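Biologist: I would like to learn how to read a model like this one. Could we take it feature by feature?

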Amino acid sequence: MSIWWSLHLRREAASVPLARRFLLGTMETAGVDPDISFDLSVALSEACANAVEHGGDRTALGEPGDSGYGRPPADSGQYRVTAYLDGEKCRIEVSDSGPGFPARRALRPAAHYPQSEAESGRGLDLIQQLSDHVQFGNRPGHGAVVSFDKVLKWREGALLTV
C-alpha cells in the first residue's frame, strides 16, 4: 500500500503548520518512526516557509510588449505540496510560482554566507541535512520546485511496511 496526497495552499504563514500537521498525521496513521516523521516535517516546514516568503514575487512574465508582461502569475497567491509514502521512502515536493532559484545556485552551509545573507540560506541547508536526497529546481516560467526524500523506518505493526 502507498499513500499520495497533494495540497494547494495559500501563500500565508498559517499554511505552513497546516501542511506540517497534515504530513505528521499521515505518517502517524501509516506507522512511520517518529524520528523520521519529525525530520521530514521540519524539512517540509522550511520548504513551505520559502514558498510563502519567495513563491510569488515574480512580477515580470514574458517579454516587454506581451499582454502579461509586468503582472504576477494568476496563481502567485498559492503553492503546492505533494507527498508520496510507499514501503521504503517518502518523497515530498513543494512548488511555487515565484521567480525560482538563481541559475547557478551553489548550496553551502549558512556559516559560509556573509552575515547579511546567513539567515536566508539556512532553510535550504536544513532541508539537505534532514533528507537523504534533495533537488532544487525551476519549472521554466512557473517558479521553484524543492523535492526531497528520506528512507522510512516503521513502527511495529505499521500499515505500510515493506
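Modeller: Start with strand pairing. This is a predicted model, and in it strand 4 (residues 133–139) pairs with strand 5 (residues 143–151) in the antiparallel sense.

Biologist: How many bridges hold that pairing in the assignment?

Modeller: Seven bridges link strand 4 and strand 5. At one point arginine 139 stands opposite glycine 143 of strand 5.

Biologist: What do strand 4 and strand 5 form, and what is notable in the turn?

Modeller: The two strands form a hairpin, with three residues between them. Look at glycine 141 in the turn: its phi is positive, about 75 degrees.

Biologist: Arginine 139 is in this region. Which residue of strand 3 touches Arg139?

Modeller: Serine 95, which is found in strand 3 (residues 89–95). Leaving out residues up to four places away in sequence, serine 95 touches Arg139, Ala144 and Val145, and also Tyr79 and Arg80.

Biologist: Is serine 95 buried or exposed?

Modeller: Read the relative accessibility; under 20% means buried. Serine 95 has 5%, so it counts as buried.

Biologist: Now strand 2. Which contacts does threonine 82 make there?

Modeller: Threonine 82 is found in strand 2 (residues 78–85). Beyond its neighbours within four places in sequence, it is in contact with Trp4, Trp5 and Ser6, and with Arg91, Ile92 and Glu93. The side chains of threonine 82 and serine 6 are joined by a polar contact of 3.1 Å. Threonine 82 is buried, because its relative accessible area is 6%.

Biologist: Trp4 is in that list. Is tryptophan 4 buried or exposed?

Modeller: Here the upper cut-off applies: exposed means over 50%. Tryptophan 4 has a relative accessible area of 55%, so it is exposed. It lies in strand 1 (residues 3–10).

Biologist: What does tryptophan 4 touch away from its sequence neighbours?

Modeller: Thr82, Ala83 and Tyr84, not counting residues up to four places away. Take tyrosine 84: it is 80 residues from tryptophan 4 along the chain, yet their C-alpha atoms are separated by 4.5 Å. Their side chains also share a polar contact of 3.4 Å.

Biologist: How does that fit the contacts of the whole chain?

Modeller: Ask how far apart in sequence the partners are. Of the contacts between residues at least 6 apart, 66% join residues at least 24 apart.

Biologist: And the order of helices and strands?

Modeller: Write it as a pattern. Here it is β-α-α-β-β-α-β-β, from three helices and five strands.

Biologist: Why does the length of helix 2 agree with its expected span?

Modeller: Use the rise of 1.5 Å a residue. Helix 2 (residues 34–54) has 21 residues, so it should span 30 Å; its end C-alpha atoms are 30 Å apart, which agrees. Check the start of helix 2 as well: a side-chain oxygen of aspartate 33 comes within 3.0 Å of the backbone nitrogen of aspartate 35.

Biologist: How many disulfides does the structure hold?

Modeller: A disulfide is a covalent bond between the sulfur atoms of two cysteines. The structure holds zero disulfides. Cysteine 48 has 0% relative accessibility, so it counts as buried. Cysteine 90 is buried too, because its relative accessible area is 0%.

Biologist: Last, what do the totals say?

Modeller: The chain has 162 residues, and buried residues make up 41% of them. Its accessible surface comes to about 9200 Å². Carbon and sulfur atoms account for 51% of that surface.

Conventions:
Residues numbered from 1 in each chain as written. Predicted model: local features only at pLDDT ≥ 70, side-chain atom pairs only at ≥ 80, totals over all residues. Heavy atoms only, no water. Helix = DSSP H or I, 4+ residues; strand = E, 2+ residues; numbered from the N terminus. Buried < 20%, exposed > 50% of the residue type's maximum accessible area, 1.4 Å probe, protein only. Contact = heavy atoms within 4.5 Å. Areas by Shrake-Rupley, 256 points an atom, 1.4 Å probe, with all protein chains shown as cover. Expected span 1.5 Å × (residues − 1). Polar contact = N/O pair within 3.5 Å; in protein donor to acceptor, adjacent residues only side chain to side chain. Disulfide = S-S within 2.5 Å. Pairing = 2+ DSSP bridges.
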